[in-house]
Amino acid sequence: MGNSKSGALSKEILEDLQLNTKFTEEELCAWYQSFLKECPSGRISRKEFESIYGKFFPDADPKAYAQHVFRSFDTNSDGTLDFKEYVVALHMTTGGKPTQKLEWAFSLYDVDGNGTISKSEVLEIVMAIFKMISPEDVKLLPDDENTPEKRAEKIWAYFGKKDDDKLTEQEFIEGTMANKDILRLIQYEPQKVKEKIKEKKP
């Protein structure tokens with residue numbers, strides 16, 4: 001593994017990432033160098049990922065959410081992310097196509113990985129999201145979505161599901177594409193919350 005080529009990104013991985021993400025060769029090579037500085041082994045453990053993720057949210061508790069994000073991108077379930085999995089994660093969460101983002105969101109919410117989502121899984125992810133919302137922002141949320149339970153209830157109601165029903169990936173993607181409210185409720189974007197509040201001010 002740790003041969004003399006470890007400081008350079010292999011041509012195959014580079015071409016694959018350029019094809020499947022919006023990043024340029026320069027960006028990918030620069031990221032790879034900084035990735036190796038942070039993680040000389042070429043892999044990120046869950047703990048390291050949580051620590052990196054935490055830097056993006058200094059005023060919140062993103063640990064639970066980071067664990068779910070990590071799980072959804074650890075495609076081979078080996079408990080680490082390699083550079084390719086890491087870049088795909090960045091791409092999906094920042095600039096992927098809407099359907100790609102929703103495929104990723106489905107895998108995030110499918111906590112046990114059985115191919116369907118239950119109401120309790122929705123609640124588990126929503127609770128992790130709420131840990132990252134500041135108390136000030138929570139106060140500004142509408143009454144019917146200002147707790148994890150209310151928000152999970154609202155999401156589930158939008159899909160027209162009974163409490164013990166399951167949601168398939170196709171239903172999840174089609175339902176979310178058809179309803180902007182679901183998209184807003186399943187995501188964590190604090191900036192968007194703040195922008196919406198500014199728009200509402202007279």
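Lys11 is exposed, with a relative accessible area of 60%. Exposed means over 50% relative accessible area, buried under 20%, and partly exposed in between, with a 1.4 Å probe and protein chains only. Glu15 is partly exposed at 44% relative accessibility. The two form a salt bridge, with the closest N and O atoms 3.1 Å apart. A salt bridge here is a side-chain nitrogen of Lys or Arg within 4 Å of a carboxyl oxygen of Asp or Glu. Lys11 and Glu15 sit four residues apart in helix α1 (residues 11-20), so about one helical turn separates them.

This is a predicted model: local features need pLDDT of at least 70, side-chain atom pairs count only at pLDDT 80 or more, and totals for chains, interfaces and linings use all residues. Residues are numbered from 1 along each chain as its sequence is written, and side-chain values use heavy atoms, with hydrogens and water left out.

**Confidence**

pLDDT is the predictor's confidence in each residue, from 0 to 100. Its mean over the protein chain is 85, and 88% of the residues reach 70 or more. Among the elements, strand β3 (residues 116-118) has the highest mean, 98, and helix α12 (residues 190-200) the lowest, 45. Over residues 190-202 the pLDDT is below 50, and this stretch has four contacts in the model beyond near neighbours in sequence. A contact means heavy atoms within 4.5 Å. Residues 1-6 also stay under 50, with two contacts beyond four places in sequence.

**Overall build**

The protein chain has twelve helices and four strands. These are DSSP runs numbered from the N terminus: helices are H or I with at least four residues, strands E with at least two. Of the 202 residues, 37% count as buried. Among contacts between residues at least 6 apart in sequence, 58% join residues at least 24 apart. The chain exposes about 11900 Å², and carbon and sulfur atoms supply 55% of that area. Accessible areas come from the Shrake-Rupley method with a 1.4 Å probe; for residues, only the protein chains shown count as cover.

UniProt, in an unreviewed entry, lists residues 61-96 and 97-132 under "domain: EF-hand". Over residues 97-132 the chain is 67% helix and 8% strand, and the end C-alpha atoms lie 25 Å apart.

**Helix α9 and its surroundings**

Helix α9 spans residues 148-158, and its buried residues are Pro148, Arg151, Ala152, Lys154, Ile155 and Trp156. Their cover includes β3, α7 (119-130), β4 (166-168) and α11 (180-186). Just after α9, Gly160 takes a positive phi of about 65°.

**Salt bridges**

The whole structure holds twelve salt bridges. Side chains of opposite charge can pair when their charged atoms come close. Three of the pairs are tabulated here.

| Pair | Closest N to O distance |
|---|---|
| Lys11 and Glu15 | 3.1 Å |
| Lys154 and Glu145 | 2.6 Å |
| Glu171 and Lys161 | 3.1 Å |

Lys154 is buried at 17% relative accessibility. Its partner Glu145 is buried too, at 0%. Glu171 lies in helix α10 (residues 169-178) and Lys161 in the loop between α9 and β4, so this pair ties together parts ten residues apart in sequence. Glu171 is partly exposed at 32% relative accessibility, and Lys161 is partly exposed at 21%. Elsewhere, salt bridges that share partners join Asp144, Glu145, Arg151, Lys154, Asp181 and Arg184 into one network.

Definitions and conventions. UniProt positions renumbered as here; feature names shortened; annotations may be inferred.
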